[in-house]
Structure formats: C-alpha cells, structure tokens
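Thanks for asking me to look this one over. My notes are below, as numbered points you can check against the structure as you read.

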Amino acid sequence: MKNTWIIGLVLMIIMSGFTVSLTFLSPTVRAYTPHDPISINGDADFAIKATAEGWPGNGTVGNPYIINGLEIDGSEGNGIEIRHTNAYFIIEDSKIDNGKHGIYLKDVTHGTIDNCMMEDNTHALYLESSDENNLINNILTFNWIGIRLETSSDNQIVDNSVSNNSGGIALWNSTENDITDNNVLNNGNGIYLWNSDGNNVTGNSAINCDAGIWIKFCINNNIANNIMIEDGILLEGNLIEQWNTHHIDISNSVNSKPVFYWKNLTSGIVPSGAGQIILANCTNIKVENQMVTHGSAGIELGFSSINNILKNEASSNKKYGIYLYSSNGNTILNNNASNNGVGLYIENSNENSILNNNASSNDNEGVILRTSEGNDITNNTANNNHHGIDLYEAIGNNLTDNPVSDNVVGVQLYTSHSNNLTNNVFSDNNIGLYLITNSTKNLMVGNDVSSNRGRGVVLSFSNNNIFYHNNIRNNGAQLHLTLSFNTWDNGNQEGNYWSDYIGDDNDGDGIGDTDIPHHGVDHYPLMEPFDISGEEDESNDNGQALIFYERWFIILMAIIVLVIIMFLAFSLGRKRKYAEIPPEKEKKE
C-alpha cells in the first residue's frame with residue numbers, strides 16, 4: 001500500500017489535464033535565436049555550413065560541430081535535415097516547432113540531439129537508416145510521433161520526456177537500440193517496436209498510454225525495470241518466436257504489480273498479485289483469481305494451449321481484457337472482461353471453451369472470434385458494447401445461451417460459415433443479428449431476437465443459412481435482406497415465430513396457413529413463440545450446421561452415381577458375353 005498515494009497523485013494530475021513528466025514540471029525558460037530551417041547533405045556540405053554559420057567544432061570525435069540555441073519554425077518542411085554524414089555533431093538547447101520533421105537524420109552516424117524542445121511536428125525526431133546516434137534529454141510534446149527510428153541500429157535514446165503525442169517512441173525495422181530512462185506520458189502508444197529485434201527497453205516510465213510498451217512482430221528484445229501506470233505491455237506476433245524469445249522479467253510493473261511473462265512452460269500456477277500476465281508457448285498453466293486491470297492487456301496467450309483462465313478480473317484495460325493468439329484447447333471460465341477496448345479477443349485459435357464470462361461495456365467488441373474454428377461460446381454476457389459478439393472469418397463455432405443486449409450490433413457474422421447459434425437472446429440492440437459479406441451455411445435455431453431498436457435480423461450478401469424455431473418479435477424492423485437467399489424452416493414445415501404475423505392457422509397445427517411466405521421468406525410461420533429452453537444443438541461432430549437439403553442432395557447424387565455404375569456394369573457384361581460367342585463359319589460355296 002505504500003505506493004498507493006503516489007499512484008493516486010499521478011492519476012489525479014493526469015485526470016486534471018495537466019501535462020507532466022516525472023523529471024520536470026515545466027521547461028526551463030530561455031532565450032533562443034530565431035533561425036531559418038537548416039539542410040545539410042554530406043560531410044563536405046556540413047563543413048561549409050559550419051564555417052558560414054560560425055558553428056564551433058571540426059566534426060571529429062573530440063571536437064564535434066555544435067549547433068546551439070536556435071529557434072526554428074519548420075512550417076515549410078523540416079526544421080533541421082541532415083543526410084549522408086559521418087561527422088560528429090551536437091544539436092543542443094534548441095526549439096523546433098511546426099515541421100514535417102523537427103529534426104530528420106537520414107544515413108547519419110555520430111550525431112547527438114541533446115536538450116531540445118519540439119512541438120507540433122509530424123515527427124519531432126526522425127532517424128532513417130541512421131546508426132550510432134544519441135537522443136538525450138529532449139522534451140517532445142504534441143507531435144504525431146515523438147521519436148521515430150526506421151531501419152536504424154545502435155542508437156541511444158535516453159532521458160527524453162515524450163508526452164501528449166499520438167505515438168511516443170516508435171521503432172520500425174530497427175535493431176540493437178537502447179531505449180533507457182525515458183518518461184512517456186499520455187501518448188497513444190508509449191514505446192512501440194515493430195519488426196525490431198534485439199533492442200533494450202529498460203528503466204522507462206510509461207503512464208496513461210494506450211500501450212505502454214507495444215512489441216509487434218519482434219524477437220529477442222530485452223524489457224526490464226520499466227514502470228507502467230494505467231497501461232502495460234502489449235505483445236503480438238504471428239510466429240511463435242515473436243512470442244517466446246523475449247526477456248521480460250518481473251522487474252517490470254503495471255500499477256506497482258509485477259508483470260508475469262512465462263514462456264515455454266508445461267505446468268504451473270501464476271502467483272497471485274500480478275499486474276499483467278503473458279503466456280508464450282505454455283501449456284497446463286492456471287491463471288486464477290487475478291486482478292489485472294487498468295493496463296493495456298490483462299491476460300495474453302500466444303501459442304499456448306490447454307490452459308485454464310479462471311475467475312479473473314480482467315477489466316478496464318486499454319486494449320484487451322483477455323487475448324488469445326494461435327492458442328487452442330484453453331478454458332476461459334467465469335472471468336470479468338468488461339470496460340476494455342475489447343473484452344475477449346480470440347484470434348487464429350481453435351477449440352477453446354469460452355464459458356460464463358462477462359464481456360460488457362467494452363469500447364468495441366465484447367467477444368470477437370477472428371479466423372478461429374471450433375470454439376464453444378456459451379453463457380457469456382455481452383451487453384453495452386459496440387458489437388456484442390463478432391465472428392470474423394470464423395468457421396464451425398458454437399454460440400449457445402449467450403445473453404446479448406444493448407449493443408449497437410448484438411451478433412455479427414462477417415464472411416463466416418458453418419457456425420451454430422442456438423438458444424441465444426439478442427435483445428435491445430440497434431441490430432440484433434447481422435450476417436454480412438458471404439456468411440453462409442450457418443444454423444440459427446431457438447434464438448430470441450426481440451425489442452431491437454433498428455432491425456431484428458439483417459442479411460447482406462449471405463446465402464444458404466438456415467433459420468427455424470427462432471422468436472423474432474417486437475423489433476423496429478423484423479427483417480432486412482440484401483441479395484440473400486436462405487432457408488427459414490427445418491424441413492418439417494416448422495419455421496419461426498414472428499410477432500407481426502397476423503395470418504390464420506386454418507387446420508390448428510400451430511403453423512400459419514395464410515399470408516405466406518411471411519416477409520417473403522417463411523412459409524411455415526409459428527403461431528406462438530417457440531419454447532427455446534429445450535432446443536437441442538443440431539450440429540455435426542465438426543461443429544458445422546446440418547443443412548437438410550444438402551443431405552437430400554448428397555443422397556440424390558449417390559443414387560445417380562449408383563445408377564451410372566450399374567449401367568456401366570451391365571454394358572460391360574453384355575460386351576463380354578458377345579465377345580465369347582465365336583463368329584459363324586463362312587458358308588462354303
């Protein structure tokens with residue numbers, strides 16, 4: 001508890017809207033000399049300009065050029081641009097604003113940028129194909145990106161204050177750089193590594209960024225002694241080595257609690273009191289009763305299978321409550337994944353059991369399955385999200401008994417097929433159920449689609465789906481179709497209940513006989529709501545929808561093939577018979 005008052009003070013300052021750093025409250029006021037933008041191309045040009053400008057130094061390691069005390073408005077381009085140099089130089093105590101790039105170095109070595117202030121640039125400091133430079137003690141605010149390195153190596157980024165930028169410190173395709181003792185505050189992303197390997201990220205403070213440290217498509221980075229408050233680490237990659245080759249130890253903290261990054265383990269229980277949990281290539285790990293909140297991602301699994309994620313509070317994270325990538329056969333049970341960017345994000349992951357979780361009040365999706373197959377999504381509450389449950393290019397998943405309410409879209413299927421939606425409640429959304437862009441062969445049975453403000457069911461360019469025994473009632477518009485042709489009964493003359501059906505049941509069998517097909521689709525509308533409590537899941541062993549007319553098609557094709565085989569056999573037999581009869585002898589004259 002001893003750090004609680006410190007965290008509280010920092011958060012109060014953040015919420016009150018002041019821009020602060022852990023090392024300064026306001027920049028030192030000093031007088032600058034106004035100067036036009038500077039452009040240097042090559043060592044010879046540097047020497048000429050240094051002489052003309054009166055800059056001290058000769059470009060050697062012991063006597064570098066020094067550019068000092070300038071104020072540059074870069075509104076017509078870059079404030080200072082240096083290309084293709086090996087000379088040693090220092091740019092210090094200067095102020096550069098409003099440029100495309102405040103300071104831009106391309107193919108440059110041996111430069112030092114020290115104690116400069118840069119504001120309202122696209123990039124404050126941008127290094128491209130530049131190595132062995134030092135970026136030290138600069139104040140970078142209200143830029144698009146504070147510091148950007150691209151294809152640059154062996155640079156030192158030390159003691160900078162980077163605040164209120166869309167991106168703080170960003171590395172693209174850059175290796176073996178040291179990012180040390182920087183303060184990154186209120187940025188979209190604090191420290192971002194993209195396809196950048198072997199970097200050291202140590203001793204930094206990241207406060208109130210979307211992702212304190214975001215590591216994407218990288219290997220072999222060292223992440224140590226970083227303090228993260230109201231954000232954390234976000235690890236992503238589509239190869240196993242992008243998950244399990246980093247060094248991330250418990251010296252990193254999220255909200256004064258340790259980060260547990262476990263890799264290549266085959267059993268274990270994560271200790272209590274974690275600030276964030278990342279499992280990389282792990283199996284048989286239990287994560288239970290953790291409070292992983294107010295970070296960037298509460299719990300992440302990459303290439304990790306047969307783990308148990310149970311009864312955790314994974315809420316109020318900037319990106320994800322719980323994130324799975326290429327992780328199969330896990331049990332995600334009784335977790336609270338609310339008030340995140342996304343509650344439960346399941347990507348490229350198969351045959352997981354997602355049971356009894358609360359995924360409500362998230363900024364985007366409550367639950368999203370992306371390119372994932374064979375998952376069971378059962379009895380999860382997904383209320384008050386943008387999308388309650390979202391299937392994106394997902395195949396053969398089962399959604400059962402999920403209450404989904406008060407979302408913009410209750411459940412959306414995008415280019416998804418052979419999924420089973422059974423006994424769910426889609427109510428009080430703007431759209432209850434939305435199938436879009438070639439979502440096919442899905443089975444919707446026993447769902448309650450009711451009281452949705454805009455439309456109950458929407459199908460757009462989605463064919464060969466089956467709907468029956470659903471209760472579709474009291475929606476703003478019951479059904480909206482765009483070039484979608486589907487089946488609206490079970491093949492046994494039982495369709496769906498529609499609250500706006502006013503036809504008659506002439507024979508008393510509970511099926512409407514007049515004013516059909518209802519809404520132009522349902523030839524067998526039910527006269528009373530269907531009792532969905534006892535509806536059985538009608539899926540095959542592969543989790544794919546059983547489509548009755550496909551069965552009949554297969555039977556018919558089998559009969560046709562059998563007839564063809566019998567005909568060929570009969571024809572072949574006749575030929576053999578005739579071949580065995582000797583020809584008649586020629587009559588002698």
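1. Let's begin with charge pairs: this predicted model holds 10 salt bridges. Three of them are worth a visit, and they are taken in turn below.

2. Glu236 pairs with Lys216, with 3.6 Å between the closest N and O atoms. The two residues come from distant parts of the chain, 20 residues apart: Glu236 belongs to strand 26 (residues 233–236) and Lys216 to strand 23 (residues 211–216). Is Glu236 buried or exposed? Its relative accessible area is 7%, and the cut-off for buried is under 20%, so Glu236 counts as buried.

3. Next come Lys311 and Glu288, whose side chains meet in a salt bridge at 3.3 Å, N to O. This pair also links distant parts of the chain, 23 residues apart. Glu288 sits in strand 32 (residues 285–288), while Lys311 is in the loop between strand 34 (308–310) and strand 35 (320–325). Both residues are partly exposed, with a relative accessible area of 43% for Lys311 and 23% for Glu288.

4. The third pair is Glu347 with Arg370, where the closest N and O atoms are 4.0 Å apart. Glu347 lies in strand 37 (residues 342–347) and Arg370 in strand 39 (residues 365–370), so the salt bridge ties together parts of the chain 23 residues apart in sequence. Glu347 is buried at 18% relative accessible area, whereas Arg370, at 27%, counts as partly exposed.

5. Which residues are joined into one network by salt bridges that share partners? They are Lys286, Glu288 and Lys311, so when you look at the Lys311–Glu288 contact of point 3, please bring Lys286 into view as well.

6. Now for the sheet. Ten strands form an open sheet with parallel pairing, in the order 30-32-34-36-38-40-42-45-48-51. At its edges stand strand 30 (268–269) and strand 51 (466–468); each has a single partner strand, so one side of each is left without a neighbour in the sheet. As a general reminder, strands of a sheet pair through backbone hydrogen bonds, either parallel or antiparallel.

7. For a detailed look at one pairing, try strand 42 (residues 398–400) and strand 45 (residues 420–422), which pair in the parallel sense over 3 bridges. Here Leu399 stands opposite Leu421 in strand 45.

Terms used
Residues are numbered from 1 along each chain as its sequence is written. This is a predicted model: local features need pLDDT of at least 70, side-chain atom pairs count only at pLDDT 80 or more; totals for chains, interfaces and linings use all residues. Side-chain values use heavy atoms; hydrogens and water are left out. Two strands pair if DSSP finds at least two bridges between them. Helices (H or I, at least four residues) and strands (E, at least two) are DSSP runs, numbered from the N terminus. Buried means under 20% relative accessible area, exposed over 50%, partly exposed in between (1.4 Å probe, protein chains only).
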